[in-house]
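Please open the structure in a viewer and keep the sequence at hand. The tour below proceeds from one selection to the next.

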Amino acid sequence: MRAVFLDFGSVTRGDMDCAALERAVSPWQYYHDSSEQEVQERIRTAEVIVSNKVFIDRAAIVAAKHLKLICVAATGYNNVDFAAAGECNIPVCNVRGYATPSVVQHVFMLMLNLARHFVDYQELMERGGWQASQFFCPLDFDIQELSGKTLGIIGFGELGKAVANVAHAFGMQVLIAEHKGKPPRSGRTAFDDVLRRVDFVTLHCPLSRETQHLISRRELDLLKPSAYLINTARGGLVNEVDLLQSLSNGRIAGAAIDVIQEEPPNKDNLILRQQPGNLIVTPHIAWASRESRQRLLDQLAGNIENFFQDKPFNQVAGSDSKVI
């Protein structure tokens with residue numbers, strides 16, 4: 001039984017244990033990456049294929065006559081032609097919840113960097129600012145505590161709930177946003193009211209037609225001038241032009257993002273070209289702890305093993321859908 005991982009380089013730097021995958025199915029062909037032109041030939045005789053971000057189109061699916069299972073090595077699965085998979089009766093599965101500790105850790109790293117101006121103080125040190133200071137402690141940049149601040153969480157699934165738990169440990173007040181335009185359910189606060197009240201707001205919702213540019217100029221204008229935006233979810237949730245404008249004119253205090261609309265960015269990317277001093281950008285690494293990546297591979301292996309044993313697995317498309 002032949003299995004193919006089309007972009008193994010996206011989840012490993014040579015530090016992953018593949019034993020669970022090898023037990024689930026064998027032999028494997030691990031490709032560091034695959035171009036659009038290479039996919040069809042590489043999966044032509046495969047029974048199981050895994051892709052993180054490589055697109056699996058109709059032509060490739062139809063040509064893979066032995067294909068039994070498509071595995072997405074991520075939670076988002078818009079890189080598979082669902083219609084073609086369904087017509088060929090090939091189930092598609094994803095991985096879920098594997099990155100929660102890593103993402104939560106990254107959210108608070110970004111939040112703390114904004115609150116304490118960590119990068120600014122590091123740069124001050126490199127410029128000799130401490131050595132030249134009149135006092136033992138240079139106070140060039142404002143330092144705030146998270147304790148007592150209000151955190152708004154948009155998207156209250158597993159990640160949002162985990163962020164809330166840590167926020168409470170920091171002594172923060174947590175507001176859970178209701179879906180935009182919907183009356184708030186018990187325990188939730190109207191979307192616009194959350195934006196008006198928060199000191200920090202963090203995004204943890206999926207990207208869809210409904211959430212595309214969820215945060216644009218209107219929403220940014222609702223935030224207090226002292227508020228900060230955190231986005232470790234999907235770049236398309238935020239209108240990048242509007243965000244840059246709000247940052248450059250001081251409409252909000254700052255932002256920290258781990259995702260942008262085009263990844264990887266080209267050299268002319270607006271965010272990176274104009275990156276103002278009150279914006280922190282990290283290269284989509286919130287999920288990428290070693291432990292998280294290992295959980296991802298182990299969950300992939302579990303999906304494959306359960307599929308062949310006719311047990312529930314993380315199926316997102318195909319006939320007789322079974323979801324856990």
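Burial is used throughout: a residue is buried under 20% relative accessible area, exposed over 50% and partly exposed in between, with a 1.4 Å probe and protein chains only. The structure is a predicted model, in which local features need pLDDT of at least 70 and side-chain atom pairs count only at pLDDT 80 or more, whereas totals for chains, interfaces and linings use all residues. Residues are numbered from 1 along each chain as its sequence is written, and side-chain values use heavy atoms, with hydrogens and water left out.

**Strand β6**

Select residues 150-154, strand β6. Helices (H or I, at least four residues) and strands (E, at least two) are DSSP runs, numbered from the N terminus. Five of the five residues of β6 are buried, so the strand is largely enclosed by the rest of the structure. Thr-150, Gly-152 and Ile-154 point one way from β6, while Leu-151 and Ile-153 point the other way.

Add residues 173-176, strand β7, which runs parallel to β6 and is joined to it by four bridges; two strands pair if DSSP finds at least two bridges between them. Within this pair, Gly-152 stands opposite Leu-175 of β7.

**Helix α5**

Next, select α5, residues 100-116. The expected span of a helix is 1.5 Å times one less than its number of residues. For the 17 residues of α5 this gives 24 Å, in agreement with the 24 Å between its end C-alpha atoms. Of these 17 residues, 12 are buried, including Val-103, His-106, Phe-108, Met-111 and Asn-113. Just after α5, His-117 takes a positive phi of about 50°.

**The largest pocket**

Keep α5 displayed and add α7, residues 158-169: each supplies at least two residues of the lining of the largest pocket. A pocket is defined on a 1 Å grid over the protein atoms alone, as an open set of points where a 1.4 Å probe fits, with protein on both sides within 12 Å along at least five of seven lines; lining residues have an atom within 4 Å of a point. The largest pocket holds about 1,800 Å³ of space, a volume being the space filled by probe spheres set on the points. To centre the view, select Lys-53, Gly-76, Ala-233, Arg-234 and His-284, the closest to the pocket centre of its 50 lining residues. The largest share of the lining, three residues, comes from α7.

**The second largest pocket**

Move to the second largest pocket, with about 300 Å³ of space. Its centre is found by selecting His-179, Lys-180, Cys-205, Thr-211 and Leu-214, the closest to it of 19 lining residues.

**Cysteines and Pro-91**

Finally, display the cysteines. How many disulfides does the structure hold? The number is zero, a disulfide being a pair of cysteine sulfur atoms within 2.5 Å. The sulfur of Cys-88 is 16 Å from the closest cysteine sulfur, in Cys-71, too far for a bond. Cys-88 is partly exposed, at a relative accessible area of 32%. Cys-93 is likewise in no disulfide, its nearest cysteine sulfur, that of Cys-71, being 3.6 Å away. Cys-93 is buried, at 0% relative accessibility.

Pro-91 lies in the loop between α4 (82-87) and β5 (92-93). This proline is buried, at 9% relative accessibility. A distance drawn from the C-alpha atom of Pro-91 to that of Cys-71, 20 residues apart along the chain, should read 8.5 Å.
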